[in-house]
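Student: I should be grateful for a close look at a single part of this structure, with the reasoning set out step by step.

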Amino acid sequence: MELEDQWWTGQLAADIYQALRYKELKLPPYKAQSPQLSLRRYFADLVAIVSNHFRLCPAARHLAVYLLDLFMDRYNVTVQQLHVVSLSCLLLASKFEEREDRVPKLETLNNLGCMSSMNLVLTKQGLLHMELLLLETFQWNLYLPTAAHFIDYYLSIAVSEGDLHDGWPMTCLEKTKLYLTKYVDYFLEVSLQDHVFLCFTPSLVAAACVASSRLVLHLSPTWPPRLQLLAGYTWDNLIACAEKLLIAHDGDVKEAHKQKSQQPEQQGQAVYHSSGQAATVAQYLHRSGVQYPQQAPQPGLAQNHRPVPYLSHSAANLHAPAVSQHSGVQALSSSLDLKSSIPARAYQVSMHYSCAAPCFDR
């Protein structure tokens, strides 16, 4: 979007935030009715891999996945064509969010290793045709806020000197801010991996990412009054979304411990919690009102306190669907069937868990 760099630190920050909040109320509806919905994770990962390779900003990556979600939701797209659609969404989003010199070039895209593994060759005419189709689908409006557009505004006051870590004052504010930012980035990317997060407004998802990060890092209060005032959300508003984020986190923690147990012990191996034990979702959700026991103060956050990668964004870990790939998109327009009567899928949420379990196919 045409926003000033680091707008969240300027005098117009509150006005820009309110404009984004107003715009998100008018976002197109998402019904999760694509026949290829089971492949969404694969193509979201493809967008993330290419985005990371070109070091595109999070806003471009999130907008690309959102454009892909909306397009798949409206049309029946064959698996062969979804590769071109995904990359076209990323190119369109990068043109909207990035500087011109950072937009991926066609030749560079075709030289990526993952392109040859997918037997995919993009053409200038094919990309222009697809971009035009996407723009016409969205009525030439790409001003679509995502969680990535709100996150920096919240991070600007996400950590304060008055916050407590495990019930004690922090000894290193800058290190805490660094760890919180890493966890927020982690949760922000987790929110891309499942379409269920589209049932929440982007600003709420961003707020839940911050709250979940503060929970995992044992910062109290979990959702301080300053964040509540800035975001306009209470803790109760965030619980449903934060629960899903923490379930994903819990699954990643278990997977990391499982992989570690299967490998020879290495000195300095990363562990999530300073206590060496993974907290459950139920413990996290109740932690906001818990008084921490008095214990010896710790020197800031432990150095091994970092998020487990939710996804290794490399082409080697991206397994293409078992179908033949085609590079042409000439017949794309005629093969897209607008949906009309596919019912929307509901996502049932239970706020009570006997044990923490992953909700993603990881």
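Tutor: The account below concerns helix 1 and its surroundings, and then turns to a sheet and the chain as a whole. The model is a predicted one.

Helix 1 covers residues 13–24, which is 12 residues. At 1.5 Å a residue these should span 16 Å, and the C-alpha atoms at its ends lie 17 Å apart, which agrees. Within helix 1, the residues that are buried, that is, under 20% relative accessible area, are Ala-13, Ile-16, Tyr-17, Leu-20, Lys-23 and Glu-24. Viewed down the helix axis, these buried residues fall within an arc of 125°, so they line one face of helix 1. Asp-15 and Tyr-22, on the other side of helix 1, are exposed. The cover over the buried residues includes helix 8 (147–155), helix 10 (202–216) and helix 11 (225–231).

Elsewhere, an open sheet is formed by 3 strands in the order 3-2-4, with antiparallel pairing. Strand 3 (168–169) and strand 4 (219–220) stand at its edges; each has a single partner strand, so one side of each is left without a neighbour in the sheet. Between strand 2 (residues 164–165) and strand 4 there are 2 bridges in the antiparallel sense, and His-165 has Leu-219 of strand 4 as its bridge partner.

For the protein chain as a whole, there are 14 helices and 5 strands. Of its 362 residues, 51% are buried. Among contacts with a separation of 6 or more, 84% join residues 24 or more positions apart. The chain exposes about 17800 Å², of which carbon and sulfur atoms supply 53%.

Methods
Residues are numbered from 1 along each chain as its sequence is written. This is a predicted model: local features need pLDDT of at least 70, side-chain atom pairs count only at pLDDT 80 or more; totals for chains, interfaces and linings use all residues. Side-chain values use heavy atoms; hydrogens and water are left out. Helices (H or I, at least four residues) and strands (E, at least two) are DSSP runs, numbered from the N terminus. The expected span of a helix is 1.5 Å times one less than its number of residues. Buried means under 20% relative accessible area, exposed over 50%, partly exposed in between (1.4 Å probe, protein chains only). The arc is that of the directions from the helix axis to the C-beta atoms. Contact means heavy atoms within 4.5 Å. Two strands pair if DSSP finds at least two bridges between them. Accessible areas come from the Shrake-Rupley method with a 1.4 Å probe; for residues, only the protein chains shown count as cover.
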